[in-house]
Structures are given as C-alpha cells and as structure tokens.
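Visitor: I have a structure open and would like to learn how to read it. Could you walk me through a few features?

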Amino acid sequence: MALIESFPLGRYVPYTSFVHALDPRTKLLTTVAVAAWVFLATTAGMLCFIWIFLGVALAASKIPWKYFVMSLLPIVWVLVFLAIIQIVLEQRGTTVWQFGIIRITDQGMYGALFLVMRLVALFAASALLTLTTSPLHLTRGLESLLAPLKRLGVPIDAFSLMLTIALRFIPTMLDELFMIVKAQTARGADFSSKHIKSRLEALLSLFIPLFVLSFRRADRLALAMEARGYDVKRTLSHWRVLTFRWADRLVLLGVVLITMMYVLLKFYPVLHTLLGKP
Amino acid sequence: MEIVFDAVEYIYAENTPFAKRALQHLSFTLPSGSFTAIMGVTGSGKSTIGQLAAGLLYPTAGRVRIDGLEIGRRHPPPQSLRRRIGYAFQFPEHQLFEETVRKEVAFSLKRLKLSPEDEEQRIIQALRSFGLDESYLLRNPLFLSGGEKRRVALASIFVSEPELLVLDEATAGLDPLGREAILNHLARWYQARRPTVLYITHDLDEALRLADTLFVVHEGRLIWHGTVSGLIRRSLEDPQFTSALEEAGLVKTSWQEVLMTLVQCDQRALDALPRHEVEVVQWIQRYWHR
C-alpha cells in the first residue's frame, strides 16, 4: 500500500524551483529529447551522461531524492522481468553460467544492464516532468507545441484535454484503489493467500469497483464540463500566456547541443571509436 | 473485542512531499462490548482511528492492540482476527463487485463453510433486517440506487456477525426513512449481540442516541473522551467546554438541548439518559407523574 501512496506519475509537487519555473514547453521538449538520447545511446558513457543530466535536473527541482528513488520502486518488478528475459534470450557472447538449456552470456548481462538503465532513465524523465509541472501547464504546453497540426484538422485541444484528465486522475485512481484494497481486506479478501484462486478472487474484487468508479467519474466529469459550458469546438482564450524566458532558451540550447552530439556519436563511427565501445 | 491505542501516531504518505499527519499521540481503550461514537469535522482523523482499530492501517508510531494482539507493519492481523472484524466504508461503491446481491452478501460467508440452506437463510435475514426483500437477491448491486447500495453493503458486513464493527458514516446520504431503518437495526443488533462498535459520524444526535461513550477528535487529537452523560453534565457546568466542542464541529443540537433541560430539571436523568422522544415521555411519566 505504501507503493500506491508513493507512485509518482501524475502527482504534481508544488514547489518553487528552477525546474518548476521553466516553461512547460521547455520541459516537454527536454523529456522528448531525453527519450531520444536514451535510444541513441550506445555506450555506457552515453547512458551515464543521461543519468547525470537527470540527477542535476532532480537536484534543481528540489524534489527530495529519497522520495524520487522510492517512487521508482513500483517499476522494479517490471525491470526484473524484462532483465531476466534479456539475459535468457541473448545467446551471443561468452558463456558465464549454464544450467541445462539456460545459458547466460556476458552479452546478455550487458544487454540487461543497458535495458534497465534505459528504462529507468525514461521513467525518471517522465516522472520528473509530471512532478514539476501541473497538469494544467502540461496541457497548455502540449497544446502550444502541437498547434501547427490544427491546420491539418487534428483535434489538438481535445487531445491535450484528454491527456490532462488522464494525468490528473492517476493519483485519484491510486487513492481510490487504496480505499478499495482496504474495503475488500475488511470483508475478508485475502491478497496474500497461498491459494491462487483466492488471490485471483481478491484481485477481481479490486478491479470491478475500480472500473465502475472510473466510468462513473468520467460520466460525471463530462456532465460537469458541459454544465460549465465547455465546448471542444470553441477556441479558448488564456488568462496567462506562455512565454519563453532566458532560462528556457539556455536549457533548450543545451538540449539541442546534446541531441546533436548524440546523433553524431550514434551515426559517426569515427567519434564512436574515439569514445570507446561498450 | 478490546481495542487499545497507546500513544498512537499516524502519518499518511510518510516520507513523501505529500506527508500528512492525521493522528497525534492518541491513547485510549475501548472495552469489549462498548458502543463508542467518534465525532469531529471532515479531515479531523475519525476514519483513520477506525481503520487503525480494524487493523487496516498500521500506526506510524505507538501501539495498537486488537483483542490483546499487537498490530503493526511487521505484525499484520492474521486472517482469523480479520474475520471477526467488520468495517462499513463511507462509500459502498468501494466494496460492491459481485454480479448479484446474493453473491455480494455471501462473499464474507464463504469462509464459514455453511450449508447452502443456512447460507441462504442468513443472506435473506441480513437483507430483510435492512428493509430489502428476496426480490433483490438476483439484482446487480452496481445498478441499485445509492440508498439500496448502502443497505446491501451493510447487509454484507452484518451477515458475518462481526465481534468488532466499525461503521464509517453509515447513514451519510440516506433519506430519513433509510437512516431511521439502519439506526433502529443497529440499536437492536447491538442489544442482542453486544459486539464492540465504533461508530464514526458527524451527527451528534445519532451519537447521543446510540453510543455509551463519545470521542471528539480535532486536528488529530482527542479533545473529549467520556460517557454521553459525562458530556451532557460537562456542557451544563462549563460553557467554555461547549464552545470548545463547537470549534471541533459539534454544534449543539435540539436533542442535546432536550437532554440538557431534562438533566437540569432532574439529575436522575444522568443515570440512564433517554435515547429518543418516546423514552423522554416514559421518563417523565415514571418520575414526574406520581
């Protein structure tokens, strides 16, 4: 249950910091860039740089690192599962350990380590984005970045609204799940039972109320928005207009430079050999 | 089932930026077979006390003992203990999930391994006691009205006859008739079985009508802990106490005024305070019509 309370995605921590003060577009573009770096990174050095970059961003955001690390715990089992698959399936390289048909190679272990480092970096970047940007700002940023697509008839406003609502309700749904777990535990649902049937039954008792509550909430939300005059076809004016400040320009310049460097490192083998292969 | 709180503290989302202290240094004992009402404004920590007492939350600091067994993160309550505890949540939507009302009510009976006939009988009895007849058995609980859902949720808790019953605003959002039916059933059920009851409510009248002991919680602290007659006596003697209660959200009700007037006229009323209007009339006839 502690994991439910600490899950970071969609939870905005309202602090005053350099990262919080950045324009949402800057943070969105940086997150996309970090995702690109993660896929362009081919050496340990390139991956470590992304980690250092995220570490600096975390320090600048003033979010307690303990909370941040704890909030990564929910994905540990996914990572372990993916790492095991990578280790077992990768058969290239020298054998480190063999048991029957299972053969673990050094390449497989490196691959698993890289995979975990990549996924943690991706998750950390998106968590940092939602922890430092309120859902409202995030939508505004997204709307502004995708505005050119409006000319092609893409419903950007509706799309960004959907995203905001999804992000906004992740913590609410987690709180609700927390309540449902307690309600079903009180009624005798055994989530730690040794019998798989009892466990599955207990899990079913969680998902049905959660789905029912989510659909009910969606319905009520739609009604409430209509009652307040929301019309997706109308262009909304904004009280505060997003503006790029000097800090945003500097951060974006840095991000562009780093991205160029990663592209060069990825596609120019000369530079690659200079910095060393994994 | 006896509940003991010893210097209990509880912090939600501890070690996160969202940490919120809900309870501070709380100590009390609920004797077995007592009926206690917990009162306070929204967010004062009432539900947290209920969930700690039912072993659904574990204290951040201090000790909680349920029936002599210490409960904590390292010592979660065993299933055998959980089975003896019933908790009715504020929103029935959190617990309803089966396809039919019958299955919903039978959920907590599964572990008792009753014969099909006995099980059916207990289900029907539980539903009837909350004013629902057999026609509800095959209906989908998710498509019932708010009041009906609450009654089904309560029936599914009462059906297993728990020894500790925690009711978290069990009558919130109900129409007056539905509320009356639940309160009457609860009073009868308590008289017949004498379980330990923790009744969480905003309504002082409900608390005065049902409970023997009252807890008033304000900002995670217990500002009053005593019998109902003690509260009435203190309200008469100490006007400052009344204003302290009002600060904690306990606005004086007309029923409280009736009880205070009765006690002012005759101190003997404190020995057995009337629970409702009929009992006041009976009391007057017994003592003053001679």
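**Reading the model, feature by feature**

Guide: Let's start with one residue and its surroundings. Beyond its neighbours within four places in sequence, B:Thr171 is in contact with B:Arg150, B:Arg179, B:Ile182, B:Leu183, B:Tyr199 and B:Glu206. Keep in mind that this is a predicted model.

Visitor: Where does B:Thr171 sit in chain B?

Guide: B:Thr171 is in the loop between strand 7 (164–168) and helix 6 (176–193) of chain B.

Visitor: Is B:Thr171 buried or exposed?

Guide: Buried, because its relative accessible area is 8%, and the cut-off for buried is under 20%. The side chain of B:Thr171 also has a polar contact of 2.7 Å with that of B:Glu206.

Visitor: What about another threonine, B:Thr29: which residues is it in contact with, leaving aside neighbours within four places in sequence?

Guide: B:Thr29 is in contact with B:Glu2, B:Ile3 and B:Val4. B:Thr29 belongs to strand 2 (residues 20–30) of chain B and is partly exposed, at a relative accessible area of 37%. If you want a distance to try on screen, pick the C-alpha atoms of B:Thr29 and B:Gly72: they are separated by 17 Å, with the two positions 43 residues apart along the chain.

Visitor: Now backbone angles. Which sign of phi do most residues other than glycine have?

Guide: Most residues other than glycine have a negative phi. That makes a positive value something to look up. Here, B:His25 has a positive phi of about 45° although it is not a glycine. B:His25 is in strand 2 of chain B and is exposed, with a relative accessible area of 57%. B:Arg194 also has a positive phi, of about 55°, and is not a glycine. Look for B:Arg194 in the loop between helix 6 and strand 8 (196–201) of chain B, where it is partly exposed at 42% relative accessible area.

Visitor: On to charges. How many salt bridges does the structure hold over all chains?

Guide: There are 21 salt bridges over all chains. Take A:Arg217 and A:Glu176, whose side chains meet at 2.1 Å, N to O. A:Arg217 is in helix 10 (residues 196–227) of chain A and A:Glu176 in helix 9 (residues 156–186) of chain A, so this pair ties together parts that are 41 residues apart in sequence.

Visitor: Are those two buried or exposed?

Guide: A:Arg217 counts as buried at 15% relative accessibility, and A:Glu176 counts as buried at 15% too.

Visitor: What does chain B offer in the way of salt bridges?

Guide: One of them joins B:Glu119 to B:Arg102, with the closest N and O atoms 3.4 Å apart. B:Glu119 lies in helix 4 (residues 116–129) of chain B and B:Arg102 in helix 3 (residues 101–106) of chain B, so the pair ties together parts 17 residues apart in sequence. B:Glu119 counts as buried at 17% relative accessibility, whereas B:Arg102 is partly exposed at 22%.

Then there's B:Arg275 with B:Asp212, where the closest N and O atoms are 3.1 Å apart. This pair links distant parts of the chain, 63 residues apart: B:Arg275 is in the loop between helix 10 (254–265) and helix 11 (277–288) of chain B, and B:Asp212 in the loop between helix 7 (204–210) and strand 9 (213–218) of chain B. Salt bridges with shared partners also join B:Asp67, B:Arg84 and B:Glu163 into one network.

Visitor: And where the chains meet, how is the size of an interface often given?

Guide: Often as the accessible area lost when the parts come together. In this model, about 2600 Å² is buried between chain B and chain A, and carbon and sulfur atoms give 63% of that. On the chain B side, B:Phe18, B:His94 and B:Phe97 lose the most area to chain A, together 26% of what that side buries. As for contacts, 29 residues of chain B touch 31 residues of chain A.

Visitor: How many salt bridges are there between chain B and chain A?

Guide: The count is 1: the side chains of A:Arg187 and B:Glu104 meet at 2.8 Å, N to O. There are also 5 residue pairs in polar contact across the interface, both residues at pLDDT 80 or more. By class, the side of chain B that touches chain A has 14 nonpolar, 8 polar and 7 charged residues.

Visitor: Last one: how many disulfides over all chains?

Guide: The count comes to 0.

Conventions: Residues are numbered from 1 along each chain as its sequence is written. Chains are lettered from A and ligands numbered from 1 in the order in which they are written. This is a predicted model: local features need pLDDT of at least 70, side-chain atom pairs count only at pLDDT 80 or more; totals for chains, interfaces and linings use all residues. Side-chain values use heavy atoms; hydrogens and water are left out. A disulfide is a pair of cysteine sulfur atoms within 2.5 Å. Contact means heavy atoms within 4.5 Å. Buried area is the accessible area (1.4 Å probe) that two parts lose on being put together, summed over both. A salt bridge is a side-chain nitrogen of Lys or Arg within 4 Å of a carboxyl oxygen of Asp or Glu. A polar contact is a pair of N or O atoms within 3.5 Å; within protein, one must be able to donate a hydrogen and the other to accept it, and residues adjacent in sequence count only if both atoms are side-chain atoms. Ala, Val, Leu, Ile, Met, Phe, Trp, Tyr, Cys and Pro count as nonpolar, Asp, Glu, Lys and Arg as charged, and the others, Gly among them, as polar. Helices (H or I, at least four residues) and strands (E, at least two) are DSSP runs, numbered from the N terminus. Buried means under 20% relative accessible area, exposed over 50%, partly exposed in between (1.4 Å probe, protein chains only).
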